[in-house]
Amino acid sequence: MLGIVLMLVAAALNATASVLQRRAARDEPESRSFSAQLMLDLVRRPAWLLGILAMLGGFVLHAVSISVSRIALVQPVLVIELPFTLLAASWMFGLRLGRRDWTAIGLQSVGLGMLVGCLAPSGGDPGTVPGATWALGIALTAAGIVALVVLGLRARQGRRAAFLGVATGAAFGLNSSLIAGVGAAVSRGDGLFTTWQTYAVAVVGPVSFFLLQNALESGTLVASQPGFTLTNPAVSVAWGLAVFGEQARGGGFLAAGVIGAVLVGVGTLLLARSPLLESDTSSGNGPDAGTGGGSAPPRGDVREPATGSRRPGD
C-alpha cells in the first residue's frame, strides 16, 4: 500500500510538471527541436523551473515506490497521471471538466483498481537477473526508443509529438526498471555507487528528460501525454514480468485484470480527446498554433467561452 500511495503522489507531481513544462515550451519554434538552444530558452522561464521542481519530487517518490514494492504492481498506477493532468490543465487555463471527462476518469479509476488488485504479482527479483538478460532487455527497449524517435523526426506537428511521447514513455519505463535494479542491489548490501545500474540511470534519466522536453515542444498535451502515460507503465510491467520473473495471478483474476486494462484504455482514449488538453492552442490562431511557428502569440490567457456558447466537454 505504501508503494501505491507514493506512486499516486508521484503521478500528481508528474502531471503538474507536464502542464507547467508544456506551458513554457509551447511557444518554442519547431526549428529548435533537439537543440541546446531549446534547453537554454526553457531554463529562463519560471513555469518551466517550477515544472522541473515538481518533476524532481515525482522522480524521488517514484524511485522510493519502486524500491518498496514490485514494479509490475505499482507502475500501472502511473496511468492516473492523465486525469491529474486534466485537473491541472483545467485549473491553469480556467476551464472546467465536462461530463465526458468525469466519465472517462471514472472508467480509468475503476479499471486501474481492478488491474492492480487482480494482477497482484509475486516473486521475481531484479537482483538475480543475469547480466546477459539485462543487456538483451536494454538493447530491445533502446532499439524501440530509437525507432520511435526517428519516426517522430520524420513526422510533423501532432504526429511528431505523439511518436516522441511514446518514445519518452518507453525511456522512462526503462529508467524505472533500472531504478528497481539499483534498489535490489542496495537491499542486498551493495553500495549505491558500486552497482552498474546507478550509472545506467545517470545516462537514461537525462535522455528521458530531454525526450520529454522535445515531446512537449512538438505539440499539444493531447498529442504527447496519452502515449507517455500508457507506455511508461506498460514497459515497466513488461520488464517486471519478462525480465525480473514476477508472476501475476491467473484464472479469473487474470480475466478481471484484462477487463480492468480495457477500462483503463477506454478511459485514456476518452481523456485524450478532452478539450482541456488542447487548451494551450486556444488562442484563435487555428488548431496548429504553437506547434512550430515562432510568430504565434503567447497562449497562457485562455478565455472562458462566450455567454450562451457550448462549454468544452458538454
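Just after helix H6 comes Ala120, a residue with a positive phi, near 35°. This value, like those that follow, comes from a predicted model. H6 itself runs for 21 residues and reaches 30 Å from its first C-alpha to its last, close to the 30 Å expected at 1.5 Å a residue. Its buried residues include Asp101 and Gln108, together with Ala104, Ile105, Gly111, Leu112, Leu115, Val116, Cys118 and Leu119. A general point about helices helps in reading such a list: with 3.6 residues a turn in an α-helix, residues three or four places apart point the same way.

Helix H7 can be described along similar lines. It has 24 residues, and its first and last C-alpha atoms are 35 Å apart, close to the 34 Å expected at 1.5 Å a residue. Buried here are Trp134, Gly137, Thr141, Ile145, Leu148, Val149 and Gly152.

Ile145 leads on to the nonpolar interior. The largest nonpolar core holds 37 residues, and those touching the most other members are Ile145, Leu178, Trp239 and Phe244. Two or more residues of this core come from each of H1 (2–25), H3 (46–68), H4 (71–74), H6 (99–119), H7 (131–154), H8 (157–187), H9 (196–218) and H10 (221–242). H8 supplies the largest share, nine residues.

Trp239 offers a handy residue to view up close. Beyond its neighbours within four places in sequence, Trp239 is in contact with Trp134, Gly137, Ile138, Thr141, Leu174, Ser177 and Phe244. Of these partners, Trp134, Gly137 and Thr141 are among the buried residues of H7. A second core, separate from the one above, has 13 residues, among them Ala17, Met55, Ala89 and Phe228.

Key
Residues are numbered from 1 along each chain as its sequence is written. This is a predicted model: local features need pLDDT of at least 70, side-chain atom pairs count only at pLDDT 80 or more; totals for chains, interfaces and linings use all residues. Side-chain values use heavy atoms; hydrogens and water are left out. A nonpolar core is a set of buried Ala, Val, Leu, Ile, Met, Phe, Trp, Tyr and Cys residues joined through side-chain atoms within 4.5 Å. Buried means under 20% relative accessible area, exposed over 50%, partly exposed in between (1.4 Å probe, protein chains only). Helices (H or I, at least four residues) and strands (E, at least two) are DSSP runs, numbered from the N terminus. Contact means heavy atoms within 4.5 Å. The expected span of a helix is 1.5 Å times one less than its number of residues.
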